[in-house]
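Visitor: I have never looked at this structure before, and I would like to understand not just what things are called but how each name is justified. Could we go through it slowly?

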2 protein chains.
Amino acid sequence: MIITVVGLGVIGGSYVQALKGLGHEVYGVDNDTLTLQQAKAEGYIVEGYRDGHNIVAKSDMTIICLYPSLVLDFIASHSFKKGSIVTDVVGIKSYFLEKALTIIDESVEYVSGHPMAGREKKGYAYASKEVFKNANYIVIEHQQNKKEAIEFMCQFVSQLGFKSVKIMSPYAHDEIISFTSQLPHMIAVALMNSDDQKYDTGKYIGDSFRDLTRIANINADLWSELFLNNKDYLLASMERFEEQFDCLKHALKGNDEESLKRMFQESSLRREKLEK
Amino acid sequence: MIITVVGLGVIGGSYVQALKGLGHEVYGVDNDTLTLQQAKAEGYIVEGYRDGHNIVAKSDMTIICLYPSLVLDFIASHSFKKGSIVTDVVGIKSYFLEKALTIIDESVEYVSGHPMAGREKKGYAYASKEVFKNANYIVIEHQQNKKEAIEFMCQFVSQLGFKSVKIMSPYAHDEIISFTSQLPHMIAVALMNSDDQKYDTGKYIGDSFRDLTRIANINADLWSELFLNNKDYLLASMERFEEQFDCLKHALKGNDEESLKRMFQESSLRREKLEK
């Protein structure tokens, strides 16, 4: 199969690396000539292009690994091979697919996807097929999708190293993602920003603070777009979190040791079961 | 120097391992005979005892790695060598030292400490000198401490692999720890418990959710004790966090993209500077 990956950042770069050895003919499209040269020199792509028009017209699959708004621009300005699969890695789906499906050619099978993997650093230098290893992948099924295309996509990504591949509607995706991905980012930002900076904080932290704030280093443009376009689900998740946080605060204030312990036992149990 | 480590769990076990090769004569005290046998077989301790009375009476330093209330029991029921140093690893200090200093013999130099290191799993099997590597250590200085003893303690722990060693009063320690350690644990518990379990959550998480909930698997007895005895500082930290979380919610509700971005840029900047 001829596969073109558009945007060789952490995710796109990890795609070309994970695709190696699976028998495909892989091409890359990126703004950065050096990145293309490096991916070619490393043997991950046959050729790299700054302009994707010719190659996506010949590709059986195009994997667009760009920011949401840039994916829409790319779809609108390129003609894909008839019957080919086009996919993306955008972090929320309802508002995005509403737009994407109005501009993509109907002869193309648009199968949106979400590899739940990434790094807090940007760029091809941080790409690796290890990024996908044991990660979760969500295939988004919408009304215009053929059943075979969805099945094909599930098999395709399974070969890239993902541990779990699930099929979901755009709405279900956005609901669960508001809790598992967006809420943790909001929490990390709030935690980092609530430091009153009275002490030299970095000298008094352990791994718990490090882990909880790692994603406070956040791409402001990308995440504002993702949050604002998933506002209702995200607000609901934030409010559920606030309720629980308030229960803890209430128990602490009232010296209610029993309630505290019950909540800690509950969270321990849930955490242990999380990936079983 | 003759050093006895009491309690060979993750922290105590890591102490005996980090002490190896530094020229001391190291002994272990633990309830569990198999743990003592293993530590001896691995060459980390000269001998292990279930009863610590004889060995602590001969030790130049006793490192007590037990739960807070058990440390108090141990101090009350043992006679330490005159002029020797006794230390602990208890996670909060003001209420604890108030009690500890009333029961310890005045001829002993009690230097409380806090290695900001650990694992979410319990027991000697998870101990390793790597636990201390690049971690922060806080030496607690109280009114009865000799200056030389504090200086000695700083040098002593520096040799164990800690990256930073800071001296603080019990109150300053409890204030910063309420933010850097206790608040993250409260957040993790609240996040884990706010899952409405509509979906099979584990299949839809990435590293952000994993990282933010790792410490939601929490020792209920230990942490209730730590939280309730540091209530005022912890409540203040929780309220500062709530204010920031509320700012984010407010901006999201009002579609205030500019404010969201400003908060994300602030948290990114702070996170980047955190350990520089």
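Visitor: Which residues are linked with A:Lys163 in a network of salt bridges?
Guide: Please keep in mind that this is a predicted model. In it, A:Lys163 belongs to a network of salt bridges together with A:Glu275, B:Asp207 and B:Arg210.

Visitor: What makes the meeting of A:Arg210 and B:Glu275 a salt bridge?
Guide: The closest N and O atoms of A:Arg210 and B:Glu275 are 2.9 Å apart, and because a salt bridge needs a side-chain nitrogen of Lys or Arg within 4 Å of a carboxyl oxygen of Asp or Glu, the name applies. The pair crosses between chains, running from A:Arg210 in helix H8 of chain A to B:Glu275 in the segment after helix H11 (257-273) of chain B. In general, side chains of opposite charge can pair when their charged atoms come close.

Visitor: Is A:Arg210 buried or exposed, and how do you know?
Guide: The relative accessibility of A:Arg210 is 15%, and buried means under 20%, so A:Arg210 counts as buried. Its partner B:Glu275 has a relative accessible area of 34%, which lies between the limits of 20% and 50%, and therefore B:Glu275 is called partly exposed.

Visitor: What do the side chains of B:Lys261 and A:Asp221 form where they meet?
Guide: They meet in a salt bridge, with 3.1 Å from N to O. B:Lys261 also forms a salt bridge with B:Glu257, where the closest N and O atoms are 3.4 Å apart, and that value too satisfies the limit of 4 Å. B:Glu257 and B:Lys261 both lie in helix H11 of chain B, four residues apart, which is about one turn of the helix. At 36% relative accessibility, B:Glu257 counts as partly exposed.

Visitor: How many salt bridges are there between chain A and chain B, and how many over all chains?
Guide: Between chain A and chain B the count is 14 salt bridges, while a search of the whole structure finds 32 over all chains. One of the salt bridges joins the side chains of A:Lys93 and A:Asp88, at 2.7 Å from N to O, and both of these residues are buried.

Visitor: What area is buried between chain A and chain B?
Guide: The area is about 8900 Å², of which carbon and sulfur atoms give 63%. In chain A, the residues that lose the most area to chain B are A:Tyr204, A:Phe245 and A:Arg270, together 9% of what that side buries. The contact takes 85 residues from chain A and 85 residues from chain B, and 51 residue pairs between the two chains are in polar contact, both residues being at pLDDT 80 or more. Several elements of chain A each supply at least two residues to the side that touches chain B, including strand S8 (136-140), helix H7 (170-193) and helix H10 (231-253). H7(A) gives the most, with 17 residues, and the residues of that side of chain A divide into 38 nonpolar, 21 polar and 26 charged.

Visitor: Why is the aromatic pair of B:Trp223 and B:Phe227 called tilted?
Guide: Their planes make an angle of 50°, and because planes under 30 degrees apart count as stacked and over 60 as edge-to-face, this pair falls among the rest, which are called tilted. The rings lie 5.5 Å apart, centre to centre, and this meets the limit of 6.5 Å for a pair. B:Trp223 and B:Phe227 both belong to helix H9 (residues 220-228) of chain B. B:Trp223 is buried, with a relative accessible area of 14%, and B:Phe227 is likewise buried, at 0%.

Visitor: Why is helix H1 (residues 10-19) of chain A described as largely enclosed?
Guide: Ten of the ten residues of H1(A) are buried, so the helix is largely enclosed by the rest of the structure. Among them are A:Val10, A:Tyr15 and A:Leu19. The buried residues of H1(A) pack against several elements of chain A, including strand S1 (2-6), strand S7 (113-116) and helix H6 (147-158). A:Tyr15 also belongs to a cluster in which ring pairs link it with A:Phe132, A:Tyr137 and A:Phe162. Just after H1(A), A:Gly21 takes a positive phi of about 85°.

Definitions and conventions:
Residues numbered from 1 in each chain as written. Chains lettered and ligands numbered in written order. Predicted model: local features only at pLDDT ≥ 70, side-chain atom pairs only at ≥ 80, totals over all residues. Heavy atoms only, no water. Contact = heavy atoms within 4.5 Å. Buried area = accessible area lost by both parts, 1.4 Å probe. Polar contact = N/O pair within 3.5 Å; in protein donor to acceptor, adjacent residues only side chain to side chain. Nonpolar A, V, L, I, M, F, W, Y, C, P; charged D, E, K, R; others polar. Phe/Tyr/Trp six-rings, centres within 6.5 Å; stacked < 30°, edge-to-face > 60°. Buried < 20%, exposed > 50% of the residue type's maximum accessible area, 1.4 Å probe, protein only.
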